[in-house]
Amino acid sequence: MTPENSLVQAYLKAHPETQSAVNGTLLGKFTSGTALVTAHLAPLVDWAYARIAEMVGAADLNERQARMYIEELSVFARYNAQFLKAAATAVEGYCPELAHELRRNHLEEGGERGKVPAHYVLYTNALLSDLGLLVNGHGPAPETETLVNLHQWMVGSHMPSHIAGAYYATEAVAIAETEILRDITNRYGELTTGRSGSELKALHYYYELHLDDEHEAAQVSGMSVEAAHIEGLARFIKESELFHIDLPQALDGWLTITEGMTHWWAQLAHRASEMN
């Protein structure tokens, strides 16, 4: 990844007010976490993932391309629960409230006993039952391995504020990524079984679990599982002074993971283009 092909850098170049806020935050001159999130980071994510959705072009994928995306996108889901657990342990002495939020997410992702099973289990079983697609044990492509490594290094950081910003980045893209993945599995379903959407019952349940505000798995009133994760972690950036989160460190973590995740998608899109 270089400044020339980074979606984050492209957004900053096109939005000098965000570039100024990012530079100011890193230099300790811009100190409003709320303004940073609402006016700059959240819009950047929306813009970048609109570009990513265009790059992927789910409706035009062939079967081989769609399968590649599904296989690679399954890898991070395999490890997310253990990353959340490690992140919670790393920050608990510094910010127990942040640790609590990360553990809440860990239990949802990893499968809290008596509630919805682990999300990775739901997803891989849905792929198997609806599409006959086995992704369990899939060995990742190099770009996916790099993304997993970025998260592994992040959750082992000695800087709790870096973890706070980095995990906010991971969650901030979750709705957009889930919607793109839904489009891809729908495309694969159309190509291989002639079914998509609610006709793929297990996958439909999985996507509704993440995106539906009224789903049985939602634990925060009026918010889907993913929306609650986003807001739950954004709070620590917005209220950085209250929780003693170092805003420059948090932004550094956010940039590290956001650059990594957007570059990962761009690399997958390039890989797909070579499969025509």
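Mentor: Ala, Val, Leu, Ile, Met, Phe, Trp, Tyr, Cys and Pro count as nonpolar, Asp, Glu, Lys and Arg as charged, and the others, Gly among them, as polar. Please keep in mind that this is a predicted model.

Trainee: How many residues of each class line the largest cavity?

Mentor: Its lining has 10 nonpolar, 5 polar and 4 charged residues. Among the 19 lining residues, Phe-76, Ala-77, Glu-177, Thr-178 and Tyr-206 lie nearest the centre of the cavity. Two or more residues each come from α4 (63-91), α6, α8 (160-172), α9 (174-192), α10 (201-211) and α13 (247-273).

Trainee: What makes this space count as a cavity?

Mentor: A cavity is a set of points where a 1.4 Å probe fits but cannot get out. The model has 2 cavities of 30 Å³ or more, and the largest has a volume of about 360 Å³.

Trainee: Why is Thr-124 called buried?

Mentor: Buried means under 20% relative accessible area. Thr-124 has 2% relative accessibility, so Thr-124 counts as buried. This residue is located in helix α6 (residues 119-131).

Trainee: How do you know that the side chain of Thr-124 makes a polar contact with the backbone oxygen of Val-121?

Mentor: The limit for such a pair of N or O atoms is within 3.5 Å. A polar atom of the Thr-124 side chain lies 3.4 Å from the backbone oxygen of Val-121. Beyond four places in sequence, Thr-124 is in contact with Val-135 and Asn-136.

Trainee: Which residues touch the most other members of the largest nonpolar core?

Mentor: They are Tyr-49, Tyr-69, Tyr-168, Ile-184 and Trp-265, in a core of 83 residues.

Key. Residues numbered from 1 in each chain as written. Predicted model: local features only at pLDDT ≥ 70, side-chain atom pairs only at ≥ 80, totals over all residues. Heavy atoms only, no water. Helix = DSSP H or I, 4+ residues; strand = E, 2+ residues; numbered from the N terminus. Buried < 20%, exposed > 50% of the residue type's maximum accessible area, 1.4 Å probe, protein only. Polar contact = N/O pair within 3.5 Å; in protein donor to acceptor, adjacent residues only side chain to side chain. Contact = heavy atoms within 4.5 Å. 1 Å grid on protein atoms, 1.4 Å probe; cavity = no way out; pocket = protein on both sides within 12 Å on 5 of 7 lines; lining within 4 Å. Points joined across faces, edges and corners; volume = space filled by probe spheres on them. Core = buried A, V, L, I, M, F, W, Y, C linked by side-chain atoms within 4.5 Å.
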